[in-house]
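Open the model in a viewer and keep the sequence panel beside it. Each stop below names a selection and then says what is there.

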Amino acid sequence: GGAGQETIPTGFLNELEAVTLAYASVRNVARILRTATGNAMPMPTVDDTGNTGALLAEATTIGTSVDPTFAAAATLHAYKYTSQPVFCSSEILRDSAFNLASEIAMMLGERLGRREAIETTTGAGTTRCKGVVTCAGTGVTSGAATVITSDELIDLYHSLDPSNRGGASVGWMFHDTCLKYFRKLKDADGQYLWQPGLMAGEPDTLYGKPVTINQSMEPLVSNLPVTAKKHVLFGDYSKFIIRLVGNDRFFRLDERYRDTDQTAFICFREMDSNTNKVSALKVLLQA
């Protein structure tokens, strides 16, 4: 005061910088199934691997029918998730230098993205999405609680039947803390196992298979694996299905909260996730 400061208008940088936090990208590798309605969808399977052809003598009956086994691996439902609401006063909507409705819409979409990331990774199923880690069977149990060896990664790789290892969607998935751990692993000749992508757009690989970083998977603690945790996943993610029902529904509720002169914003998503082939997904379980 007294030095002419009152003549300077108050202002700020006309940019709204959002705090960011990476979340899982299961959707990037899974099979996406979009449906217009939310009716239950059984996923039929057939298993004929236990049957083979047989030697038949001349003029001998072919015998009785040898049938394949049909079943429903799982049923996809439509579970509803909400972004949770955001309330804005009429004054802030009017006076803000930013289009708050647009900014809030983007934030609510990200909220649902974070929830989807958690659900499609570790969701328990039954009354909600079943996550890819929850779906996977145990391929390898580590020899030590706080160590993951290069040999165990090879064992996990080969725990998947060769028929499930050749597709374009086959790869690794783990938390970024595991990435740091694995980048330091070497083979018997002192060569690093980790191979970064050599060209733009090419994925990093581990034993020749691409890697997906999933921040919803179990992280290492103090740079060490944790007993009984599932830190590493390997599998064919085309066999993991994320069902999305219709489109996200974003609502601006102008009238409902007029008694407090507020407007509410909220978004909904209906979805489910599960696998139609459990044998195509394997985890490394810490001892």
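## Stop 1: Met 41

Select Met 41, which lies in strand 2 (residues 41-47). This is a predicted model. With a relative accessible area of 25%, Met 41 is partly exposed. Show its surroundings: leaving aside residues up to four places away in sequence, Met 41 touches Leu 33, Thr 35, Ala 74, Thr 75, Leu 76 and Arg 243. For a sense of scale, add Val 226, which is 185 residues from Met 41 along the chain; the two C-alpha atoms are separated by 37 Å.

## Stop 2: strand 13 and its partners

Keep Arg 243 from the list of Met 41 contacts and add Asp 272 in strand 13, which stands opposite Arg 243. Now select strand 12 (240-253) together with strand 13 (residues 262-275). These two strands run antiparallel and are joined by 11 bridges.

How many of the residues of strand 13 are buried? Colouring by accessibility gives 11 of its 14 residues, so the strand is mostly covered.

Next, select strand 4 (residues 79-82). Strand 4 pairs with strand 13 in the antiparallel sense, over 4 bridges. Tyr 81 stands opposite Arg 269 in strand 13. In a regular strand, side chains alternate between the two faces of the sheet. Strand 4 has a covered face with Tyr 79 and Tyr 81, and an uncovered face with Lys 80 and Thr 82. From the uncovered face, follow the side chain of Lys 80: its charged end sits over the ring of Phe 268, 5.9 Å from the ring centre.

Strand 5 (residues 86-89) is the next selection. Strand 5 also pairs with strand 13 in the antiparallel sense over 4 bridges, and the bridge partner of Cys 88 there is Thr 263.

## Stop 3: Thr 275

Go to Thr 275, found in strand 13. Is this residue buried or exposed? Its relative accessible area is 3%, so Thr 275 is buried.

Display polar contacts of the Thr 275 side chain. A polar atom of that side chain lies 2.7 Å from the backbone oxygen of Lys 239. The side chain also reaches the backbone nitrogen of Lys 277, at 3.0 Å. Widening the view to contacts, and not counting residues up to four places away in sequence, Thr 275 touches Met 43, Ala 73, Ala 74, Cys 135, Lys 239, Phe 240 and Leu 281.

## Stop 4: the open sheet

Leu 281 from that contact list leads to strand 14 (residues 281-285), which 5 bridges join to strand 11 (residues 230-236). Strand 14 and strand 11 run antiparallel. Select Gly 235 to find its bridge partner in strand 14, Leu 281.

Extend the selection to the whole sheet. What is the order of its strands? This open sheet of 7 strands has the order 6-14-11-7-10-9-8, with mixed pairing. The edge strands are strand 6 (137-141) and strand 8 (194-195), each of which pairs on one side only.

## Stop 5: aromatic rings

Show the rings of Phe, Tyr and Trp; the count comes to 8 aromatic pairs. Take Phe 87 and Tyr 257: their ring centres are 4.7 Å apart and their planes are at 80°, so the pair is edge-to-face. This pair links distant parts of the chain, with Phe 87 in strand 5 and Tyr 257 in the loop between strand 12 and strand 13, 170 residues apart. Phe 87 has 40% relative accessibility, so the residue counts as partly exposed.

Then select Tyr 181 and Phe 182. With ring centres 5.8 Å apart and planes at 80°, this pair too is edge-to-face. Both residues, Tyr 181 and Phe 182, are buried. Finish the rings with Tyr 157, Trp 172, Tyr 207 and Phe 234, which form one aromatic cluster.

## Stop 6: helix 3

Select helix 3 (residues 100-122), which has 23 residues. From its first C-alpha to its last, helix 3 reaches 33 Å, close to the 33 Å expected at 1.5 Å a residue. Colour the helix by accessibility: the buried residues include Leu 100, Ala 101, Ile 104, Leu 108 and Leu 112. Further along, Gly 113, Glu 116, Ala 117, Glu 119, Thr 120 and Thr 121 are buried as well. An α-helix has 3.6 residues a turn, so residues three or four places apart point the same way.

How values were computed. Residues numbered from 1 in each chain as written. Predicted model: local features only at pLDDT ≥ 70, side-chain atom pairs only at ≥ 80, totals over all residues. Heavy atoms only, no water. Expected span 1.5 Å × (residues − 1). Buried < 20%, exposed > 50% of the residue type's maximum accessible area, 1.4 Å probe, protein only. Polar contact = N/O pair within 3.5 Å; in protein donor to acceptor, adjacent residues only side chain to side chain. Contact = heavy atoms within 4.5 Å. Phe/Tyr/Trp six-rings, centres within 6.5 Å; stacked < 30°, edge-to-face > 60°. Lys NZ or Arg CZ within 6 Å of the ring centre and 35° of its normal. Pairing = 2+ DSSP bridges.
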